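Got your viewer open? Here is a short tour, one selection at a time.

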Amino acid sequence: MNKFIAIVGSNSKKSTNREFLQYMQSHFQNQAEIELVEIKDLPLYKKSADKYVPELALDIAKRIEAADGVIIATPEYDHSIPAALSSALAWLSYGIHPFVDKPVMITGASYGSLGSSRAQAQLRQILDSPEIKARIMPSSEFLLGHSLQAFDENGDLKDKQLITQLDGLFKDFLQFVNISKQLNNANVVNKQKAAEFSWDKD
Amino acid sequence: MKLVGIAGSIADQSYNRTLLKFIAKHSQGIADIEVLDINAVPMFSQDDDQTNSEVIQNLSKKISDADGVIIATPEHNHTVPAALKNVIEWLSYEIHPFDGKPVMIVGASYHTQGSSRAQLHLRQILEAPGVNAIVLPGNEFLLGDVKTAFDENGDLKDKRTVNFLQTTLQKFIKFAKVINMIDKTSDYEDEDLSASNKTDTTVEGVDMNDENWLDKAAKKVNAVEGDTYVKLDSGLLTVNQINYLLKTTPIELTYVDENNQFIYYNRFLPTDKMLAKRTPAQVGDSLEAVHPGKERVIKHVKQVLNTLRNGETDLVSMPVPGNDADHHVMHYYKAMHDEEGNYKGVNEWAIDLKPIVNEYLKATGQKLVPDPDNKIDATSGASKKPTEAVETKPEVDATSGASEH
């Protein structure tokens, strides 16, 4: 069974993105093992002369390295991903490169009707940057709008149509992960390129 | 024009900060640019709202007070640094200092891209409804290959780049003027007569409306008094001497600061003899407290203050109601500004012009007669035209003075 790391893209105690990932975790428990990872205890990303990376980031990187894929659920703050998530991704590409060629599925929940669509579009570009170079599942989008009303008291999604869509997407993601495992010829070079990316000064 | 610059980096060394400092240095004379520091801003979290912390309030105030903002962004992971996004999140959560604010984006990076993608993301972020900044369209300034771009003094080496930057900056200054004009509220209702917004000279920790505000506030700021010298812009006087001078100035003077707090009047007459009645206990009051419950007066005060604050005029003058043949009391409200042109409050003075007119008539051998062409209703208020016309008496030689006879 595939093992996935699910990153909660919010540092709030109450987060519908966390609720959503918890739903995925239980809903797909027969198809994959999903482990939730929190970013809320990471400090704000800062470059330093000695390229210090916090222990916690190193630990998350290790877990991502070992996983078959990553699921990210992002809220949307000001048309983009939260600074907390942006900061976490910066730590996770600062001299360490766990995301290179790693299959990633992007999801997101928002209180309004748009379901974090702009944040997800930016996240796609971010994950595509040379320092991260993740393998983002193409042509897929899962937007959970009106997320405060989306779950029932058991934490399950109420909208049957949304569940059908999510089931389909997750199946595709499993396929994508399998295909990705065979697309590894450039992996060594890709890792090296990411490592060579210059970070010394803003 | 007053601008603030934000370098979107908290790294110890930052080319984008260097770029901003260069812009600040290079624009002396056309704009005053203060580069803000975002290093101490905590991580944004809805669970731990630090909107009221000093660092965020300070940034917010600097941005609110500025005519425009220049943001220099590096690029991390194809986007703006988390530290920059973090600041914008704080400044779009409970407070919105960017709302309607003209913003120019610049950026520097190592490679040929010059932060192009980060700048596009930043545009989207600044357009978000919670931020609602007005970003200068076009005029992208991308500084690529930044490692070799500056000389040892932090100056850009390439002349064409400097010229381009200069042109862009000039366009931004025009843009900011236009945007600020569009955005400027002419709604006098916004004038806060309760003086709750405080300004840099507001004495905190003392109730404004306290009867002993003067003594308490003076103690709080360790105000000098008596024979202590005060250096003025064209003289050196002791506090006592300043008092002597003001108390013998035969015009009732009142100082209202930019926060609409009444902080001084030159008490040379007892209250009941004053044209515009003031009491020592009122000193320090908010304008609201000075005009309790007078709806119509308050509306008028707000209109006058707003006109002066917005710079529509520097002087509002009006005769007070109830003038008669023996009195023509005028109130003048003059906007005060600091060296940089920032509004600093109102110098209000009240004076009876009739004794002066009488003196003039006596000295020149003239008298007042009604003007047959008069179109002014002399009894109504706020008129900028004189309410009485002076006509020369033909039988007196008005051109020669008494000493020449």
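What covers the buried residues of α3(B)? Keep in mind that you are looking at a predicted model, then select that helix and whatever surrounds it. The cover includes α3 (83-91) of chain A, and from chain B it includes β1 (2-7), α2 (54-65), β3 (68-72) and α4. The helix itself is mostly covered, with nine of its nine residues buried. If you want to click through them, they are B:Ala82, B:Ala83, B:Leu84, B:Lys85, B:Asn86, B:Val87, B:Ile88, B:Glu89 and B:Trp90.

**Stop 1: where the chains meet**

Now colour by chain and show the residues of each chain that touch the other. You should get 37 residues from chain B and 37 residues from chain A. The area buried between the two chains is about 3,100 Å², and carbon and sulfur atoms give 51% of that. Put B:Met43, B:Asn77 and B:Tyr110 in sticks: together they supply 22% of the area that chain B buries against chain A, more than any other three residues.

Next, look at the polar side of this contact. Between chain B and chain A there are 16 residue pairs in polar contact, counting pairs with both residues at pLDDT 80 or more. On the chain B side, the elements that give two or more residues are α1 (15-26), α3 (82-90) and α4 (116-127). The helix you started with, α3(B), gives the most, with six residues. Recolour the chain B side by class and you will find 16 nonpolar, 15 polar and six charged residues.

How many salt bridges are there between chain B and chain A? The count is one. Select B:Asp12 and A:Lys46 to see the pair, whose closest N and O atoms are 2.7 Å apart.

**Stop 2: a group of rings in chain A**

Over all chains, the structure holds 16 aromatic pairs. Start with A:Phe4 and A:Phe170: their ring centres are 6.0 Å apart and their planes are at 80°, so this pair is edge-to-face. The two rings come from distant parts of the chain, with A:Phe4 in strand β1 (residues 2-8) and A:Phe170 in helix α5 (residues 160-182), 166 residues apart. Both A:Phe4 and A:Phe170 are buried.

Keep A:Phe170 on screen and add A:Phe28. Here the centres are 3.9 Å apart and the planes are at 10°, so the pair is stacked. A:Phe28 sits in the loop between α1 (16-27) and β2 (32-38) of chain A while A:Phe170 is in helix α5, so this pair ties together parts that are 142 residues apart in sequence. Colour by accessibility if you like: A:Phe28 is buried at a relative accessible area of 1%, and A:Phe170 is buried at 0%. To finish this stop, select A:Phe4, A:Phe28, A:Phe170, A:Phe173 and A:Phe176, which form one aromatic cluster.

**Stop 3: two backbone angles in chain A**

Most residues other than glycine have a negative phi. Two residues are worth a click on that account.

Go to A:Ser116, where phi is near 65°, a positive value in a residue other than glycine. A:Ser116 lies in the loop between β4 (103-109) and α4 (117-127) of chain A. Is A:Ser116 buried or exposed? With 1% relative accessibility, A:Ser116 counts as buried.

Then jump to A:His146, whose phi is near 45°, again positive in a residue other than glycine. You will find A:His146 in the loop between β6 (142-144) and α5 of chain A. A:His146 is partly exposed, with a relative accessible area of 43%.

**Stop 4: chain B as a whole, and one loop**

Hide chain A and switch chain B to cartoon. Its secondary structure comes to ten helices and 15 strands. Of the 405 residues in chain B, 44% are buried. Among its contacts between residues at least 6 apart in sequence, 62% join residues at least 24 apart.

Last selection: B:Val224, in the loop between α6 (213-220) and β7 (229-232) of chain B. B:Val224 counts as partly exposed, at 48% relative accessibility. Which residues is B:Val224 in contact with, leaving aside its neighbours within four places in sequence? They are B:Val230 and B:Val239. For a distance label, pick the C-alpha atoms of B:Val224 and B:Thr238, which are 14 residues apart along the chain and separated by 9.4 Å.

Notes: Residues are numbered from 1 along each chain as its sequence is written. Chains are lettered from A and ligands numbered from 1 in the order in which they are written. This is a predicted model: local features need pLDDT of at least 70, side-chain atom pairs count only at pLDDT 80 or more; totals for chains, interfaces and linings use all residues. Side-chain values use heavy atoms; hydrogens and water are left out. Contact means heavy atoms within 4.5 Å. Buried area is the accessible area (1.4 Å probe) that two parts lose on being put together, summed over both. A salt bridge is a side-chain nitrogen of Lys or Arg within 4 Å of a carboxyl oxygen of Asp or Glu. A polar contact is a pair of N or O atoms within 3.5 Å; within protein, one must be able to donate a hydrogen and the other to accept it, and residues adjacent in sequence count only if both atoms are side-chain atoms. Helices (H or I, at least four residues) and strands (E, at least two) are DSSP runs, numbered from the N terminus. Ala, Val, Leu, Ile, Met, Phe, Trp, Tyr, Cys and Pro count as nonpolar, Asp, Glu, Lys and Arg as charged, and the others, Gly among them, as polar. Buried means under 20% relative accessible area, exposed over 50%, partly exposed in between (1.4 Å probe, protein chains only). Rings of Phe, Tyr and Trp (its six-membered ring) pair if their centres lie within 6.5 Å; planes under 30 degrees apart count as stacked, over 60 as edge-to-face and the rest as tilted.
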